[in-house]
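Here are my notes on the model you sent over, point by point. Have the coordinates open while you read.

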Protein chains: 2
Amino acid sequence: MAGDDEEPVGADALDRLVWALRRAELAVQALKEQRLRPLGMMAAHYTLLMTVHAEPGLTGAELARRLNVTPQAVASLVARLEKREQLERRAHPRHGHVQELHLTDAGRTALRAADEAIAGIERQISGELSTPEAAQLRALLDRVAESARRA
Amino acid sequence: MAGDDEEPVGADALDRLVWALRRAELAVQALKEQRLRPLGMMAAHYTLLMTVHAEPGLTGAELARRLNVTPQAVASLVARLEKREQLERRAHPRHGHVQELHLTDAGRTALRAADEAIAGIERQISGELSTPEAAQLRALLDRVAESARRA
DNA sequence: TCATTGATATCAAGCGCTTGATAGTAGCCA
DNA sequence: TGGCTACTATCAAGCGCTTGATATCAATGA
């Protein structure tokens, strides 16, 4: 055809699913940081605390895989949260070298406050969607995530 | 109630929309990096080139707002892409101090190759969804993004 | 005409994350 | 029992991004 190479890339590139996904996540992430800042917590800290809360006793390496970052990055975050007394490292019962991560009471308190802010964002966003729409969006996102991870 | 404070945060925190959104974006982003690496391009470069392609003549500051990063970060990326001859800075017709950004032919070629990889990811992901599902997901994501940005 | 305002670009310093490399420990198997 | 392998944790160096501050220039208003 004559028009095949008029455009170096498809004009619909910005209408793609992956682009819409990025835009949405970027906007939500910015909102998270904004709401979490007054609480003296960063989104990365919230994510880490929430992950450890969901799976207590997680090791640093395992946590790094969950968060898609390197073990060193996790160690840096853990060190800071440990200094704030929000997280503690305990020796693994079998592996003396390995350290399990657990939330402290202060960590749970901080997490609860942060989660209140995140829940507010969730309410606001899902409030503009009908209940079935929200459920379907969640289901579709899960399928997208699994599809990308399986690739 | 007795069980109100047994859990510091709602047990459904991981079932939230914002969490599913993050998981999906993280997985897709990792896939992008993986597919773009063999082409010697990073996801950030692709995003920048695509944005400039969509709006030629964009200034650095304007571009920074589009990408949700600081002007300095953009300047760093631009300098690198300029060194690769994929991007060029031209003086603004009215504002001598301001510089417009334009893609070079090499930039368009590189963008086309990169976009091929991204399009492959798009096909793979949307291939696991029905056509109406993909359309609805895109529409819902746009509403989420606008809702978060408006907050 | 000239000062002020607003926006751009750029420099400098600090911090967080990544890649690469090293040390320690449990599990497996000959 | 001894050695190999796999996994964990940590150190060191480099790079990219952020915050903060500075210089330049167009546009506005007195």
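1. A quick convention before anything else: a residue is near a molecule or strand if one of its heavy atoms lies within 4 Å of it. By that rule 18 residues surround DNA strand D, and the closest are Ala61(A), Arg65(A), Thr70(B), Gln72(B) and Arg80(B). Of the strand D atoms that come within 4 Å of the protein, 76% are accounted for by sugar and phosphate.

2. Some bookkeeping. This is a predicted model, so local features need pLDDT of at least 70 and side-chain atom pairs count only at pLDDT 80 or more, while totals for chains, interfaces and linings use all residues. Residues are numbered from 1 along each chain as its sequence is written, chains are lettered from A and ligands numbered from 1 in the order in which they are written, and side-chain values use heavy atoms, with hydrogens and water left out.

3. Now the individual polar contacts to DNA strand D. The term covers a pair of N or O atoms within 3.5 Å; within protein, one must be able to donate a hydrogen and the other to accept it, and residues adjacent in sequence count only if both atoms are side-chain atoms. A polar side-chain atom of Arg80(B) sits 2.5 Å from a phosphate oxygen of strand D, and a side-chain N or O atom of Arg65(A) is 3.1 Å from a phosphate oxygen of that strand. For a base, look at His97(A): an N or O atom of its side chain is 3.2 Å from a base oxygen of strand D.

4. Which elements give two or more residues to the surface near DNA strand D? They are α3 of chain A together with α4 (71-83) of chain B; helices here (H or I, at least four residues) and strands (E, at least two) are DSSP runs, numbered from the N terminus. The largest share, four residues, comes from α4(B). By class, this surface has four nonpolar, 10 polar and four charged residues, where Ala, Val, Leu, Ile, Met, Phe, Trp, Tyr, Cys and Pro count as nonpolar, Asp, Glu, Lys and Arg as charged, and the others, Gly among them, as polar.

5. On to DNA strand C, which has 19 residues around it. Thr70(A), Gln72(A), Arg80(A), Ala61(B) and Arg65(B) come nearest. Sugar or phosphate makes up 77% of the strand C atoms within 4 Å of the protein, and bases the rest. At least two residues each of the nearby surface come from α4 (71-83) of chain A and α3 (60-67) of chain B, with α4(A) supplying the largest share, four residues. The class count is four nonpolar, 11 polar and four charged.

6. Three contacts to check by eye on strand C. Arg65(B) has a polar side-chain atom 3.0 Å from a phosphate oxygen. The side chain of Gln72(B) puts an N or O atom 3.2 Å from a base nitrogen. Gln99(B) uses its backbone: a polar atom there is 3.4 Å from a phosphate oxygen.

7. What does the contact between the protein chains take from each partner? It takes 64 residues from chain A and 64 residues from chain B, contact meaning heavy atoms within 4.5 Å. The buried area is about 6100 Å², and carbon and sulfur atoms give 63% of that; buried area is the accessible area (1.4 Å probe) that two parts lose on being put together, summed over both.

8. The count between chain A and chain B is eight salt bridges, each a side-chain nitrogen of Lys or Arg within 4 Å of a carboxyl oxygen of Asp or Glu. Glu133(A) and Arg143(B) meet in a salt bridge at 3.2 Å, N to O. The rule also finds 26 residue pairs in polar contact across the interface, both at pLDDT 80 or more. On the chain A side, two or more residues come from each of α1 (17-36), α2 (43-54), α3 (60-67), α5 (105-127) and α6 (131-150). The most come from α1(A), with 17 residues.

9. Last, the sheets. In chain A, three strands form an open antiparallel sheet in the order β1-β3-β2. β1 (58-59) and β2 (87-91) of chain A stand at the edges with a single partner strand each, so one side of each is left without a neighbour in the sheet. Strands pair if DSSP finds at least two bridges between them; β2(A) and β3 (residues 99-103) of chain A have five. Arg89(A) has Leu101(A) as its bridge partner in β3(A). In chain B, Ala91(B) stands opposite Gln99(B) in β3(B).
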